[in-house]
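Please find below a short set of notes to read alongside the coordinates. They are ordered by topic.

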Amino acid sequence: MSPRPSASAAPEGGGGASTSRSVPTARSTPLQVIHILGNFARIWSVYSLYNYLSSSGDSMVGFIFSCLVPASVIFLALQKPWKGRPLPNTQVVPTVINGGILALYFVLWGKGLLACGPLVALLAEYAGAVLGVLSAALYGRKVNIWKKIGGLAAMLVAYYLLGNGWATRTHSPLYSFGSESLEKGTQVIGMKEMVVPLTAGILSALRRVLARRVSLKNQLKRRLHAINVASATCFLFPFAMWDTILGSASDSIVKLQFPSWAYLSTVLFGMVLIFYVDNVAEEKLHLVFSSPRHLMVSTGCIIVLEILYKMDFSLLGFLLCSVILGFGIFEATSLERSKKSPLEAHELSNGSFHNQLPISALPS
């Protein structure tokens, strides 16, 4: 009786761990390329959206709503949540409520994009890693709590430097070459304006946490995401109408009916494609959003687009902020890696271990 359990346990402990380490090297290379290209397309759509709205003066909330409408139609047409096994209310109701969080995220993210620029708005999305520190302080083990607090402090330093213009050529003390003047320099953002995009980043992470806790199955997660986006569209409708009618030019509604590159790229790349790309990266590459690896990909894409769009950009200052932010995320989301296998550490960081505790460590 004893040899059979040991034989069946071998693939899980020894062989399973070795195969999980070997998979992300060779067979996942096309998936890594898809992940990089998908994130580049999404970040490109953010820069296009910023350039369009900063020059046109259209309502940000109205524009986001007009993008959510076709995105929700696409998700509903692709996933067809009304077909197949009926979804229980225990999954539909939290998903609808999660749509309200998604709508609030889009509002704050859009306001932060216009106030702080695309670079800061994109890096502020990684502020959701603070949920890892919060969950460790409330529900997790106290062994690495000071390590997580140190990671949180490093993240705050990175965002403080970003808020004081260290990533811009105008205000960065690290930009010492090039004497030609800029046509349009940027002003220092300040930490008060940074609160809006940072709050949006935390809400985005909270939305992903709730989505994972409702369902971890890939197919069911996609069906629920279609309901999530449709719910966010309904939540955002009254605010979009109010902001469009009272806060913008009278012809802004007519403008939004004519698709532009900013509109098409936001719908296709910024909302639809990026969901499937991040979903594949999470399922196949074990690459979650708020992770140093994901930040590395975004950093490379931001550098390319900052140069192409000729933004007020300091490469050395931006790299310094990104390195500090990546170190902070690594420490804030760290686990006891020495006592756990890589697969267990990954699943715990994603919140995939339902059997560990009634409330396990929140993913970032």
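**Notes on the predicted model**

1. Aromatic pairs. In this predicted model, the structure contains 13 aromatic pairs. For Tyr52 and Phe63 the ring centres lie 5.6 Å apart with the planes at 40°, so this pair counts as tilted, since only planes under 30 degrees apart are stacked and those over 60 are edge-to-face. The pair ties together distant parts of the chain: Tyr52 belongs to helix α2 (residues 29–56) and Phe63 to helix α3 (residues 60–79), with the two positions 11 residues apart in numbering.

2. Burial of that pair. How do Tyr52 and Phe63 stand, buried or partly exposed? Tyr52 has a relative accessible area of 22% and is therefore partly exposed, as the cut-off for buried is under 20%. Phe63, with a relative accessible area of 1%, is buried.

3. Aromatic cluster. Phe40, Trp44, Trp261 and Phe269 make up one aromatic cluster.

4. Overall make-up. The protein has 14 helices and 0 strands, so the run of elements from the N terminus is α-α-α-α-α-α-α-α-α-α-α-α-α-α. Of its 364 residues, 48% count as buried. Among contacts with a separation of 6 or more, 82% are between residues 24 or more positions apart.

5. Ser265. This residue sits in helix α11 (residues 261–284). Its relative accessible area is 1%, so Ser265 is buried. What does the side chain of Ser265 reach at 2.7 Å? The partner is the backbone oxygen of Trp261, a residue that also belongs to the aromatic cluster of point 3. Leaving out residues up to four places away in sequence, Ser265 touches Ser45, Ser48 and Gly270.

6. Arg207. This residue lies in helix α8 (residues 191–214). Arg207 is buried but has no salt bridge. Which side chain of opposite charge is nearest to Arg207? It is Asp278, at 7.3 Å; a salt bridge would need a side-chain nitrogen within 4 Å of a carboxyl oxygen, so this pair does not qualify. Apart from neighbours within four places in sequence, Arg207 contacts Asn98, Ile101, Leu102, His225 and Asn228.

7. Helix α7. Residues 145–163 form this helix of 19 residues. From first C-alpha to last, α7 reaches 27 Å, close to the 27 Å expected at 1.5 Å a residue. Its buried residues are Ile145, Lys148, Gly151, Ala154, Met155, Ala158, Tyr159, Leu161, Leu162 and Gly163. An α-helix has 3.6 residues a turn, so residues three or four places apart point the same way. After α7 comes Gly165, with a positive phi near 85°.

8. Helix α12. This helix (residues 292–308) has 17 residues and reaches 24 Å from its first C-alpha to its last, close to the 24 Å expected at 1.5 Å a residue. Buried here are His294, Leu295, Val297, Ser298, Thr299, Cys301, Ile302, Ile303, Leu305 and Glu306. What do the buried residues of α12 pack against? They pack against α2, α5 (118–124), α11 and α13 (315–332). Just after α12, Lys310 has a positive phi of about 55°.

Methods
Residues are numbered from 1 along each chain as its sequence is written. This is a predicted model: local features need pLDDT of at least 70, side-chain atom pairs count only at pLDDT 80 or more; totals for chains, interfaces and linings use all residues. Side-chain values use heavy atoms; hydrogens and water are left out. Helices (H or I, at least four residues) and strands (E, at least two) are DSSP runs, numbered from the N terminus. The expected span of a helix is 1.5 Å times one less than its number of residues. Buried means under 20% relative accessible area, exposed over 50%, partly exposed in between (1.4 Å probe, protein chains only). Rings of Phe, Tyr and Trp (its six-membered ring) pair if their centres lie within 6.5 Å; planes under 30 degrees apart count as stacked, over 60 as edge-to-face and the rest as tilted. Lys and Arg count as positive and Asp and Glu as negative; His and the chain ends are not counted. Contact means heavy atoms within 4.5 Å. A polar contact is a pair of N or O atoms within 3.5 Å; within protein, one must be able to donate a hydrogen and the other to accept it, and residues adjacent in sequence count only if both atoms are side-chain atoms.
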